[in-house]
Amino acid sequence: MTEILSYTACRQLSQMFLAVVFFHSSEYILAVAIHGRSNVTLKSLLISKNYLLAVIFSLLEYIVEIVLFPGLKEHWWISDTGLALVVIGEFTRKLAIITAGRAFTHIIKVYHDEHHLLITHGIYRFVRHPGYSGFFIWSVGTQIMLCNPISTVGFAIVVWKFFAKRIPHEEYFLKRFFGSEYEEYAHRVPSGVPFVK
């Protein structure tokens, strides 16, 4: 049981805790800064029951593996690669939010309003959904950082499936709002999520 108090465990778990707290608090702070406090709910923290279950599962996997297979967590190059992915994912998502400004919302718009513009500059020149791309990289990176093989695969599959459904749904409305301008943009720029057109 002393493995749970080891330097490795303290380092990896504190990085995970800081990554999760920073991600969610900065999402909320940016939402308030961009949309105003009265237009933001706690949903802007992006914490759902399924998300909490995934995080709890990943922590349970971590504890079981560090007790039974402590050497599995000692691969620093894997853990540091995960940390780099967490930073890249975080940066990508926040850059997407800041670039889109009021056009970025946590809920898919089904009605076109005056603030909803088609953003094709900045990071959006390279990927259509950099916020989703950033979250995908960030979430999988958290599990690589913990050297959690089961949760790494699990997070990759679950998050990919979520975006594989969400992107076509969102793009249905984007095509209705922006017509051929969006069609041309979508044809030219990848989604940013692997294997999602």
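This report walks through the fold, helices, cores and cysteines of a predicted model.

## The overall fold

Let us start with the whole chain. The secondary structure consists of five helices and zero strands, so a walk along the sequence reads α-α-α-α-α. The radius of gyration is 18 Å, close to the 16 Å that the globule rule gives for 197 residues, so the protein is as compact as a globular protein of that length. Along the principal axes, the C-alpha atoms fill a box of roughly 60 × 35 × 25 Å.

How much of the protein is buried? Buried residues account for 45% of the 197 residues. Contacts also reach across the sequence: of those between residues at least 6 apart, 79% join residues at least 24 apart.

## Helix α2 and its two sides

Helix α2 covers residues 49–68. At 1.5 Å a residue, its 20 residues should span 28 Å, and the end C-alpha atoms are indeed 28 Å apart, which agrees.

Which residues of α2 are buried? They are Y51, V55, S58, E61, Y62, E65 and I66. These residues cover an arc of only 120° around the axis, which puts them on the same side of α2. A general point about helices helps here: an α-helix has 3.6 residues a turn, so residues three or four places apart point the same way. On the other side of α2, K49, N50, L53 and L68 are exposed.

The buried residues of α2 have three helices as packing partners: α1 (7–35), α4 (130–145) and α5 (149–188). A contact with α5 can be followed at S151, whose place is in that helix. S151 counts as buried because its relative accessibility is 2%. Leaving aside neighbours within four places in sequence, S151 is in contact with F57, S58, E61 and Q143. S58 and E61 also appear among the buried residues of α2.

## Helix α4, an enclosed helix

Helix α4 is worth a careful look. Its 16 residues should span 22 Å at 1.5 Å a residue, and the end C-alpha atoms are 21 Å apart, which agrees. Is α4 enclosed or open? Of its 16 residues, 15 are buried, so α4 is largely enclosed by the rest of the structure.

W138 is found in helix α4, and with 2% relative accessibility W138 counts as buried. Apart from neighbours within four places in sequence, W138 is in contact with A19, V20, F23, Y51, L85, V86, G89 and E90. W138 and E170 are 32 residues apart in sequence, and their C-alpha atoms are 21 Å apart in space.

The loop between α3 (76–100) and α4 includes T105. T105 is partly exposed, with a relative accessible area of 26%. From T105 to H116 is 11 residues in sequence and 9.4 Å in space, C-alpha to C-alpha.

## The nonpolar cores

In soluble globular proteins, nonpolar side chains tend to be buried together. Here the largest nonpolar core has 23 residues, and those with the most contacts inside it are Y51, F135, W138, F163, I167 and V193. Helices α1, α2, α4 and α5 each supply at least two residues of this core. Which helix gives the most to this core? It is α4, with seven residues.

I167 shows what surrounds one of these core residues. Not counting residues up to four places away in sequence, I167 touches H129, Y132, S191, V193, V196 and K197. Apart from this core lies another, of 19 residues, among them A100, Y124, Y182 and V189.

## The cysteines

A disulfide is a covalent bond between the sulfur atoms of two cysteines. How many disulfides does the structure hold? The number is zero.

Why does C10 form no such bond? The closest cysteine sulfur to that of C10 is in C147, 15 Å away, which is too far for a bond. For C147, the closest cysteine sulfur is likewise that of C10. Their surroundings can be set side by side: C10 is partly exposed at 43% relative accessibility, whereas C147 is buried at 6%. C147 follows α4 and has a positive phi, near 55°.

Conventions: Residues are numbered from 1 along each chain as its sequence is written. This is a predicted model: local features need pLDDT of at least 70, side-chain atom pairs count only at pLDDT 80 or more; totals for chains, interfaces and linings use all residues. Side-chain values use heavy atoms; hydrogens and water are left out. Helices (H or I, at least four residues) and strands (E, at least two) are DSSP runs, numbered from the N terminus. The expected span of a helix is 1.5 Å times one less than its number of residues. Buried means under 20% relative accessible area, exposed over 50%, partly exposed in between (1.4 Å probe, protein chains only). The arc is that of the directions from the helix axis to the C-beta atoms. Contact means heavy atoms within 4.5 Å. A disulfide is a pair of cysteine sulfur atoms within 2.5 Å. A nonpolar core is a set of buried Ala, Val, Leu, Ile, Met, Phe, Trp, Tyr and Cys residues joined through side-chain atoms within 4.5 Å. The radius of gyration is taken over C-alpha atoms; the globule rule is 2.2 Å times the number of residues to the power 0.38.
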